[in-house]
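The exercises below concern one protein model, shown next. Each has a task sentence and a solution in steps.

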Amino acid sequence: MDKQQEYVLRAIEERDIRFVRLWFTDVQGQLKSVAIAPAEVEGAFEEGIGFDGSAIEGLTRVYESDMLLAPDPSTFQMLPWRAGADGVARMFCDVLTPDGEPARTDPRAVLERQLARVAEAGFTCYLHPEIEFYLVNRDAEGRITPTDHAGYFDHVPGGTAHEFRRRAILMLEQMGISVEFSHHEGGPGQNEIDLRFADALSMADNIMTFRAVVEEVALQEGSLATFMPKPFADQFGSGMHTHFSLFEGDRNAFYDPSGEYQLSVTGRSFIAGLLHHASEICAVTNQHVNSYKRMWGGDEAPSYVCWGHNNRSALVRVPMHKPGKGQSVRVEYRGIDSSANPYLAYAVILAAGLKGIEEGYELPSETEDDVWALSEGERRAMGIGALPTSLKRAVAAMSDSDLVADTLGEDAFEYFLRNKRREYRSYDAQVTDFEISQFFPRT
């Protein structure tokens, strides 16, 4: 037993923890949980906890149903919203086969495989996400309304969002998750909380924890939190813009003091990879039919495949950094929404960027103009393509992608495609209120 496992067992005893929740996700990014008694934790470290993997969407086939949860002791944290006499803690788990091999469709394992490739190339990846979400109320008839009518950076005296963000941030920090910024976003009831840089695997775990914390605090305050990409047709969508940095030891691989915008050849090739494969990975970074209402609904969501320096209409942005601080040079990918499975989304983005580095992709000219303000002919003349306009088109682009298939693995790749086809076909079959209002005779 290693020192981290010993620390967990000691903490469970000293803090009088009565339940330990083992967390993992399915392919779509839905958090799953099973609670075990403290006496079972040592055995879980040694042998894992068995469960029926076929009961989890996309995890395995019926005739391969026996699976194991192997808790990662480095992720041990108390759940602050359950503080009291019956202390509760959690650990993230890797999903294993009975032979102790990583399950092929475990999203955490997918990201771990990609990070191993990043490490083989000599890099360590750090991420910094900006996570947007809405706080809403639901009445007895099921109608959803935002909790306030504030706007971007608004300070509302006595506003519920201030207290909500304060409580959520305190809980996150109690769980070892550092927050960099928080503020009211552009839509009524919309908020943004930015997490401080961490390594890629820790950040994906942090995002899953973040969602749980935000939802718990919202419930405690009598409201609901939603990470739905576009909950209101006439308001801003919720994105999860993420800043990426690759380091070689202590050196920022994206930094070159002599490069344009102090961006290195490695950084330029990484961006070129993101642009080249943007349409292929779009179904993973924007996995729901509702995602494309955000992407193509205006309001600053990225719709076109281009990059720019400090250009907020571009899919990929190279933010301005403080002069002389080469460590802060980074690449911001703006094409992720808040509902994405962070393990899979970060895996395919890193795969695309790494492919650009390995193949030496050439970065096209930057886009200095507001892309949304250009005509279709102007964009075509500049070589600016469009992202898929629907989940159906995104799935079609992904289905032909060797890069995504290789990154997700055959089983996760095939399940994801089947699941998304089922989603858009079910959506297409709906008869909506809009159609009724358009085609029913008015009396």
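A salt bridge is a side-chain nitrogen of Lys or Arg within 4 Å of a carboxyl oxygen of Asp or Glu. The model is predicted: local features need pLDDT of at least 70 and side-chain atom pairs count only at pLDDT 80 or more, while totals for chains, interfaces and linings use all residues. Residues are numbered from 1 along each chain as its sequence is written, and side-chain values use heavy atoms, with hydrogens and water left out.

**Exercise 1. The salt-bridge network**

Task: Which residues are linked with R108 in a network of salt bridges, and where do R108 and its partner D72 lie?

Solution.

Step 1. Start from the whole structure, in which a search finds 19 salt bridges.

Step 2. List the network: D72, D94, R108, E112 and D205 are linked by salt bridges.

Step 3. Take the pair R108 and D72, whose side chains meet with an N to O distance of 3.1 Å. Helices (H or I, at least four residues) and strands (E, at least two) are DSSP runs, numbered from the N terminus. R108 belongs to helix α3 (residues 107-120) and D72 to the loop between β4 (66-71) and β5, so this salt bridge ties together parts that are 36 residues apart in sequence.

Step 4. Take the pair R108 and D94, a salt bridge with its closest N and O atoms 3.0 Å apart. Here helix α3, which holds R108, is linked to strand β6, which holds D94, and the two residues are 14 apart.

Step 5. Check the burial of these three residues. Buried means under 20% relative accessible area, exposed over 50%, and partly exposed in between (1.4 Å probe, protein chains only). R108 is buried because its relative accessible area is 3%. D72, at 17%, is buried as well, and D94 counts as buried at 18%.

**Exercise 2. A second pair**

Task: Are R334 and E332 buried or exposed?

Solution.

Step 1. The side chains of R334 and E332 form a salt bridge, 3.2 Å from N to O.

Step 2. R334 has 2% relative accessibility, so R334 counts as buried.

Step 3. E332 has 0% and is therefore buried.

**Exercise 3. The interface of the two domains**

Task: Describe the interface of domain 1 and domain 2 by area, contacts and residue class.

Solution.

Step 1. Set the bounds, which come from an automatic or database domain assignment. That assignment gives domain 1 (3-101) and domain 2 (112-434). Their C-alpha centres lie 28 Å apart.

Step 2. Count contacts, meaning heavy atoms within 4.5 Å. Domain 1 uses 19 residues to contact 24 residues of domain 2.

Step 3. Find the buried area, which is the accessible area (1.4 Å probe) that two parts lose on being put together, summed over both. The two domains bury about 1700 Å² between them, with 58% of it on carbon and sulfur atoms. V27, Q28 and W81 supply 38% of the area that domain 1 buries against domain 2, more than any other three residues.

Step 4. Look at the pairs across the interface. The count between domain 1 and domain 2 is 0 salt bridges. The rule does find 6 residue pairs in polar contact, both residues at pLDDT 80 or more. A polar contact is a pair of N or O atoms within 3.5 Å; within protein, one must be able to donate a hydrogen and the other to accept it, and residues adjacent in sequence count only if both atoms are side-chain atoms.

Step 5. Assign elements on the side of domain 1 that touches domain 2. Strands β1 (17-25), β5 (77-78) and β6 (87-96) each supply at least two residues, and the largest share, 3 residues, comes from β6.

Step 6. Sort that side by class: 8 residues are nonpolar, 6 polar and 5 charged. Ala, Val, Leu, Ile, Met, Phe, Trp, Tyr, Cys and Pro count as nonpolar, Asp, Glu, Lys and Arg as charged, and the others, Gly among them, as polar.

**Exercise 4. A loop phenylalanine**

Task: Where is F254 found, and which residues does F254 touch?

Solution.

Step 1. F254 sits in the loop between β14 (251-252) and α6 (265-276).

Step 2. Its relative accessibility is 0%, so F254 counts as buried.

Step 3. Leaving out residues up to four places away in sequence, F254 touches several residues, among them F244, L246, L263, F270, V329 and V331.
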